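Work through the following exercises with the sequence and the structure side by side. Each task is followed by a solution in steps.

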Amino acid sequence: MRVLGIETSCDETSAAVVEDGRILGLGIVSQADVHRAYGGVVPELASRQHLAAIAPVVSEALEGAGMRAADLDLVAVTRGPGLVGALLVGLSFAKALAWRQRLPLVGVNHLLGHVWANALSGWTPAFPVLALLVSGGHTDLLRLDGPAPAQTRILGRTRDDAAGEAFDKVARMLGLGYPGGPAIEHLAREGDPEAVRLPVVARLRDSLDMSFSGLKTAAYDLVHSARPPAPADLAAVFQARVVAELVSRVRAAVERSGVRTVLVAGGVAANGALRTALAEAARRDGFTLHVPPPALCTDNGAMVAQAGLAAFAAGERADGSLEPLPSIEAFGWKEAPVAQGGRAGSRRRSGPHGA
Ligand code: KG4
Ligand code: ZN
């Protein structure tokens, strides 16, 4: 099926045509330059930028694919979570296009979009899988028991800031601008990850939840202390600690669930230090790891098309009444018991990938 995916949940306007797991055409307009002066995304500005960009971006995707709208089989659009005004732009466009061309329409959960980006870069869908979703708005450990959106459960989540949000806030403290993740990663290359100490993240027993605001606050205190560390050192220390927190939760989730395939998703998955550390953990613990190439980690229409196809195949349908769901709670995902799968502690491997 030829699927058009439309993404407008935050600060990227994007559309893509996807067929058989291949991206035939892609358009992306980033608003990062518009929001940079404010140190973060300004919702009203985002809506206006999406309005200006949506039609050209869809045309670009279609032209790249050498198609007209009439050649499509399905329209998929992000319905949330995200900024309500921004979501409305994509939804209105998608609804009008589907109605005009008499095409089926499906609404996509943005977070599952990130997960399904893996199917565009080497993951052949098979379940159950675990997914580490690390973006600017969310940091969750998910378990997917099948391709239908409702087969997703939450194993653990951040109790405070999302990992990307923490990167962005620390970057702001260091005067590095928005988005902060790539800037911190760049600066960290010249820093010493052991130059200073940040506090240990408090952990609830038996929980896969995560926390990043303590690290962020400690970084703030250091920046404003009598003897602040060199910015590159702080960037390196902070990045190393965020990576360690994420990797530790992934390893615990694999061990406790017995599920041995992990998909990584979301903007922070573009981070080289995180990718390297997860690859090392996968090698040591003997699980299979999939991480999309950096360009598919951040928001894009192709991931929405791919997730939309999975939802459509599972029977989901939408029509002109499709409304935005700005908050993740509205999707009704359940929290799964931590030891789902029931083989906690019994799956440590020896052999070629042994610990
Ligand atoms: O998934 P995404 O594009 O948008 C959301 O849905 O939030 O993620 C954006 C987030 C931002 O917080 C950005 O700073 C972070 O991903 N990010 C990174 C990197 N590239 C983007 N964080 C760390 N290292 C990177 N290389
Ligand atoms: Zn995203």
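The model is predicted. The exercises start with a charged residue on a helix.

**Exercise 1. Classify Asp33 as buried or exposed, then describe its salt bridge with Arg36.**

Solution.
- Step 1. The cut-off for exposed is over 50% relative accessible area. Asp33 has 62%, so it is exposed.
- Step 2. Arg36 has a relative accessibility of 37% and therefore counts as partly exposed.
- Step 3. The two side chains meet in a salt bridge, at 2.5 Å from N to O.
- Step 4. Look at the spacing. Asp33 and Arg36 sit 3 residues apart in helix H1 (residues 32-36), so about one helical turn separates them.
- Step 5. Set this pair in context: the structure holds 16 salt bridges.

**Exercise 2. Trace the salt bridges of Asp161 and state which residues join it in one network.**

Solution.
- Step 1. Start with Lys169. Its side chain meets that of Asp161 in a salt bridge of 3.6 Å, N to O.
- Step 2. Go on to Lys216. Its closest N and O atoms with Asp161 are 2.8 Å apart, again in a salt bridge.
- Step 3. Place the partners. Asp161 lies in the loop between E8 and helix H5 (163-173), and Lys216 lies in helix H7, so this pair ties together parts that are 55 residues apart in sequence.
- Step 4. Join the pairs. Through shared partners, salt bridges link Asp161, Glu165, Lys169 and Lys216 into one network.
- Step 5. Check accessibility. Asp161 is buried at 7%. Lys216 is buried too, at 14%. Lys169 is partly exposed at 32%.

**Exercise 3. Give the strand order of the open sheet and find its edges.**

Solution.
- Step 1. The sheet has 6 strands in the order E10-E9-E6-E7-E8-E11, with mixed pairing.
- Step 2. Strand E10 (288-290) and strand E11 (334-335) are the edges. Each has a single partner strand, so one side of each lacks a neighbour in the sheet.
- Step 3. Take a parallel pair. Strand E6 (residues 129-134) and strand E9 (residues 261-265) are parallel over 4 bridges. Leu133 has Ala265 as its bridge partner in E9.
- Step 4. Take an antiparallel pair. E6 and E7 are joined over 6 bridges in the antiparallel sense, and Val129 stands opposite Leu144 in E7. The two strands form a hairpin with 4 residues between them.
- Step 5. Continue to E8. E7 and E8 run antiparallel and are joined by 5 bridges. Here Leu141 stands opposite Gly156.
- Step 6. Add the helix. Helix H9 (residues 272-285) lies across E6, E9 and E10, and runs at about 160 degrees to E10.

**Exercise 4. How many residues of E7 are buried, and which residues lie on each face?**

Solution.
- Step 1. Count. 6 of the 6 residues of E7 are buried, so the strand is largely enclosed by the rest of the structure.
- Step 2. Recall the rule: in a regular strand, side chains alternate between the two faces of the sheet.
- Step 3. Sort the residues. Thr139, Leu141 and Arg143 are on one side, and Asp140, Leu142 and Leu144 are on the other.
- Step 4. Conclude. Both faces of E7 are covered.

**Exercise 5. Locate Pro149 and Leu208, and decide whether each is buried or exposed.**

Solution.
- Step 1. Pro149 is in the loop between strand E7 (139-144) and strand E8 (152-157).
- Step 2. Buried means under 20%. Pro149 has a relative accessible area of 18%, so it is buried.
- Step 3. Beyond its neighbours within four places in sequence, Pro149 contacts Leu112, Ala311, Glu316 and Trp333.
- Step 4. Leu208 belongs to the loop between helix H6 (180-188) and helix H7 (213-223). Its relative accessible area is 1%, so it is buried.
- Step 5. Compare sequence with space. Leu208 and Arg251 are 43 residues apart along the chain, with 10.0 Å between their C-alpha atoms.

**Exercise 6. Describe how domain 1 and domain 2 meet.**

Solution.
- Step 1. The domain assignment gives domain 1 (2-115 + 297-324) and domain 2 (126-291 + 333-354).
- Step 2. The contact takes 20 residues from domain 1 and 21 residues from domain 2.
- Step 3. About 1600 Å² is buried between them, 75% of it from carbon and sulfur atoms.
- Step 4. On the domain 1 side, Leu111, Val115 and Cys297 lose the most area, together 36% of what that side buries.
- Step 5. Count the salt bridges between domain 1 and domain 2: 0.

Terms used:
Residues are numbered from 1 along each chain as its sequence is written. Chains are lettered from A and ligands numbered from 1 in the order in which they are written. This is a predicted model: local features need pLDDT of at least 70, side-chain atom pairs count only at pLDDT 80 or more; totals for chains, interfaces and linings use all residues. Side-chain values use heavy atoms; hydrogens and water are left out. Buried means under 20% relative accessible area, exposed over 50%, partly exposed in between (1.4 Å probe, protein chains only). Contact means heavy atoms within 4.5 Å. Two strands pair if DSSP finds at least two bridges between them. Axes are lines fitted to C-alpha atoms, for helices over the stretch in contact, and angles run from 0 to 180 degrees between N-to-C directions. Domain bounds come from an automatic or database domain assignment. Buried area is the accessible area (1.4 Å probe) that two parts lose on being put together, summed over both. A salt bridge is a side-chain nitrogen of Lys or Arg within 4 Å of a carboxyl oxygen of Asp or Glu.
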